[in-house]
Amino acid sequence: QYTLTYSGNGNTAGSAPSDPSRPYYSGTSATVLANTGNLVDTGYTFGGWNSAANGSGTSYSAGATLTISADTVLYAVWTPTHSRPSSPPSSSASTAPGPPQTPSGSIANGSGDITWQPPASSGGGAITNYTVTNASGEVVCTTTSLGCTVSGLTGTGPFTFSITATNAYGTSAKVTLTIHLSPATCGSAGAPRCAPKTITIGVVFFAEGQFSIGARSHATLVVAAHKIREDHITRVSIVATSDNVYLKSYNRELSLRRAKATERGLEALLVHAHYRVARFVLSARGVSTKYRGLAANRRATITGVVTSS
C-alpha cells in the first residue's frame, strides 16, 4: 500500500491538504485535491501541484487523476504575483571578437591543412574573416571558412602559424598553432621508395590425407581474402605440406592438391569482392621436416608481398 501526500513547498501560511482516501493499492487511481488547506506563499499565487519541488515534473490541477504505483508527493506550485524585472540593457559596446578556438593541422610534403573553431565570443558583430600568418608575419591565408590550405613550405619544421578573427569592430587576439612535420608516405614526392615485405596472410589446415576445404579452413580464407584486398596485395604465395611420411611422390601430389584447393578458394572469394590477384605462386613441399608426423603438417601457408617505407 502506498500514500499520496501534499507539500506546501515553502508556503508561509495555511496547511497542506490531507488525502482521506489513502493508503492506495498499486495501480489504483487517486483524485488530486484542491488547495483545501488554504496554503499561502507571500508574493506568489497558488498554481496547482507538481510531482517535483522545482516544477520540472508532471503538473496536476484539482480534480485530475493519477495512478499510484509508489509513495507519491505532490508539491504546491507558486507563481510570482508580480513579474520579475527584466535584465537591464547591456551597457557594454560592441567589441572585437575573441580569438579562434582549438586550432589544429597537419603538414606533409610541403603543404598542409589548418582548421579552427569560431571564437567563444563574436564581440557583438558577425565574423567577417579569419587571417592566418606564418612565423615571419606573412599572411598565408584569408578566409571566411573555418580552415585553409597552406603550401610552399620548406624544411623540416616545426611550423608556427597565428590565426585571428575579424568583425566590424576590430580584430581578435591571435591564437598560435605549432605543427610538426608528418612523415612522408613512401612512394610520394620526396619520400623514400617503398620496400617490399612478405607477410603471412593465413594458414589453412586440412584433415588427414585430404585436400578439400573444410568449414574452419573456409573461414580462414574469408579473412585472408579480406586482407589481400585491403592491403592491395597483387602477388600471393601458397606453400602446402603433406602428412604422409612413406611415399615421397604421394606427399608432393597431396601437397600440390592442397595448394591448388587453397588457390581456388581464395580466387572465388576475391572475384566476389571484385579484386584480382596478378599472380599466384604455388609450392608443394611434401612432408615438412619441422612438423614430421604431426597434424600441423597438414596445412597450406598463404603469404603475400606488401610495400612499406
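**Close-up views of a predicted model**

**View 1. A proline in a loop.** P23 sits in the loop that runs between β1 (4-7) and β2 (29-31). Keep in mind that this is a predicted model. Look at the peptide bond that leads from R22 into P23: the bond is cis, and its omega is near 0°. N9 belongs to the loop between β1 and β2 too. N9 has a phi near 55°, which is a positive value in a residue other than glycine. Is N9 buried or exposed? Neither label fits: with a relative accessible area of 26%, N9 is partly exposed.

**View 2. The whole chain, before we zoom in again.** The protein chain holds two helices and 18 strands. How much of the protein chain is buried? Of its 309 residues, 34% are buried. The surface that the chain exposes comes to about 18000 Å², and carbon and sulfur atoms supply 51% of that area. Now for the contacts: take those between residues at least 6 apart in sequence, and 69% of them join residues at least 24 apart.

**View 3. The largest nonpolar core.** This core is made of 21 residues. Which residues have the most contacts inside it? They are I228, V236, I238, L266 and I302. The elements that each give two or more residues to the core are β15 (195-205), α1 (215-230), β16 (235-242), α2 (248-272) and β18 (299-308). Of these, α1 gives the most, with four residues.

**View 4. Zooming in on I228.** Let's pick I228, one of the residues with the most contacts inside the largest core. What does I228 touch? Leaving out residues up to four places away in sequence, its partners are I201, I233, V236, L266, L270, Y275 and V277. V236 and L266 show up in both lists: they touch I228, and they also rank among the residues with the most contacts inside the core.

**View 5. A second core.** There is another core, separate from the one above, with 15 residues. Among them are I107, F161, A165 and L177.

**View 6. A three-stranded open sheet.** Here the strand order is β7-β8-β11, and the pairing is antiparallel. Which strands are at the edges? β7 and β11 (147-150) are, because each pairs on one side only. From one strand to the next, the twist averages 15°. Strand β8 (residues 111-117) and β11 are joined over four bridges, in the antiparallel sense. To find one of these partnerships, look for G112, whose bridge partner in β11 is V150. As a reminder, strands of a sheet pair through backbone hydrogen bonds, either parallel or antiparallel.

**View 7. An odd residue in β7.** T102 is part of strand β7 (residues 101-108). T102 is not a glycine, yet its phi is positive, at about 40°. Is T102 buried or exposed? T102 counts as exposed, with a relative accessibility of 56%.

**View 8. A hairpin.** Strands β9 (residues 129-134) and β10 (residues 139-143) pair in the antiparallel sense, with four bridges between them. T133 is a handy place to start: its bridge partner in β10 is V139. How many residues lie between β9 and β10 in this hairpin? There are four. In the turn you'll find G137, with a positive phi of about 90°.

Notes: Residues numbered from 1 in each chain as written. Predicted model: local features only at pLDDT ≥ 70, side-chain atom pairs only at ≥ 80, totals over all residues. Heavy atoms only, no water. Buried < 20%, exposed > 50% of the residue type's maximum accessible area, 1.4 Å probe, protein only. Contact = heavy atoms within 4.5 Å. Areas by Shrake-Rupley, 256 points an atom, 1.4 Å probe, with all protein chains shown as cover. Pairing = 2+ DSSP bridges. Core = buried A, V, L, I, M, F, W, Y, C linked by side-chain atoms within 4.5 Å. Axes fitted to C-alpha atoms, helices over the stretch in contact; angles between N-to-C directions.
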